[in-house]
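Colleague: Could you take me on a close look at one part of this model, the place where two packed helices meet, and then show me how the surroundings tie in? I would like the cut-offs as you go.

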Amino acid sequence: MELYNYIKSLHLIFVITWFAGLFYIVRLFVYQIEASEKPSPEKEILQKQYKIMTYRLWYIITWPSAVLAIVFAIWLLYLMPVWLQMPWMHVKLGFVVLLIGYQLKCQQIYSELQKDSVKYSSNFMRLWNEGATIILFAVVFLVILKNAINWIYGVVGIILFSVLLMLGFRFYKKIRENNKS
């Protein structure tokens, strides 16, 4: 059982660093997109710096953390296979699949920005940044409550939380626009 606690601790550490990487990479995408709208030479200087920063964050922190979090999660499931029979775990694993999909989409955006291809606005990226937050809330409540039936209430809560985030984003956008004028 002591091995289980070490593996669980390592899993949690790498989940935290994985989320930290996902939160920060999208923020860097916002800055990188906004830098592409700057005049020369500021544009080139900022783009070069953001490419270095995103590369290091993505390949030194985020991807290794994702892989290690998943490896330790599989190890935990190997040590406690009974969890795979619990409905809350099925829902949690569904959210993990969503998180992996979110990361793969971030990989696509990262690759495009490294080639100076800007396909999204900075406002879209600000909204996209909330995706990982919503998944984090869902997973934490599922793991703590361990009740798949109550996850319905959690989903309703996540939707309400998302609406609040959207309203907050619109409010922030208006403040930014008012400060520019």
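Modeller: Happy to; here is the helix pair, followed by the contacts around it.

A word on the ground rules: this is a predicted model, in which local features need pLDDT of at least 70 and side-chain atom pairs count only at pLDDT 80 or more, while totals for chains, interfaces and linings use all residues. Residues are numbered from 1 along each chain as its sequence is written, and side-chain values use heavy atoms, with hydrogens and water left out.

For orientation, the protein chain has 6 helices and 0 strands (DSSP runs numbered from the N terminus, H or I of at least four residues for helices and E of at least two for strands). Its C-alpha trace spans about 60 × 35 × 20 Å along the principal axes.

Now to the pair itself. Two packed helices are described by the angle between their axes and the distance between the axes. Helix 2 and helix 3 pack at about 160°, and their axes are 12 Å apart; the axes are lines fitted to C-alpha atoms over the stretch in contact, with angles from 0 to 180 degrees between N-to-C directions. The two helices are therefore roughly antiparallel, since angles over 145 degrees count as such, under 35 as roughly parallel, 65 to 115 as roughly perpendicular and the rest as oblique. The crossing of helix 2 past helix 3 is left-handed, that is, the near helix is turned anticlockwise from the far one by less than a right angle. On the helix 2 side, the residues in contact include Lys51, Tyr55, Trp58 and Trp63, and helix 3 contributes, among others, Met89, Leu104, Tyr110 and Leu113. Contact here means heavy atoms within 4.5 Å.

Lys51 has a second role to look at. Its side chain meets that of Asp116 in a salt bridge, 2.9 Å from N to O (a side-chain nitrogen of Lys or Arg within 4 Å of a carboxyl oxygen of Asp or Glu). Lys51 lies in helix 2 and Asp116 in the loop between helix 3 and helix 4, so the pair ties together parts that are 65 residues apart in sequence. Asp116 is partly exposed at 45% relative accessibility; buried means under 20% relative accessible area, exposed over 50% and partly exposed in between, with a 1.4 Å probe and protein chains only. Asp116 also touches Gln47, which is in contact with Ala35 and Ser36 as well, leaving aside neighbours within four places in sequence. Gln47 sits in helix 2 and is buried, at 12% relative accessible area.

The structure holds 3 salt bridges. Another joins Glu112 and Lys119 at 3.5 Å, N to O; Glu112 is buried at 10%, whereas Lys119 is exposed at 57%. In the remaining pair, Glu34 and Arg126 have their closest N and O atoms 2.9 Å apart. Glu34 belongs to helix 1 and Arg126 to helix 4, 92 residues apart, and Arg126 is buried at 8%.

Helix 3 also leads us onward. Val91 is found in this helix and is buried, with 16% relative accessibility. From Val91 to Leu142 the C-alpha atoms are 7.9 Å apart, although 51 residues separate the two in sequence. Leu142 is one of the buried residues of helix 5.
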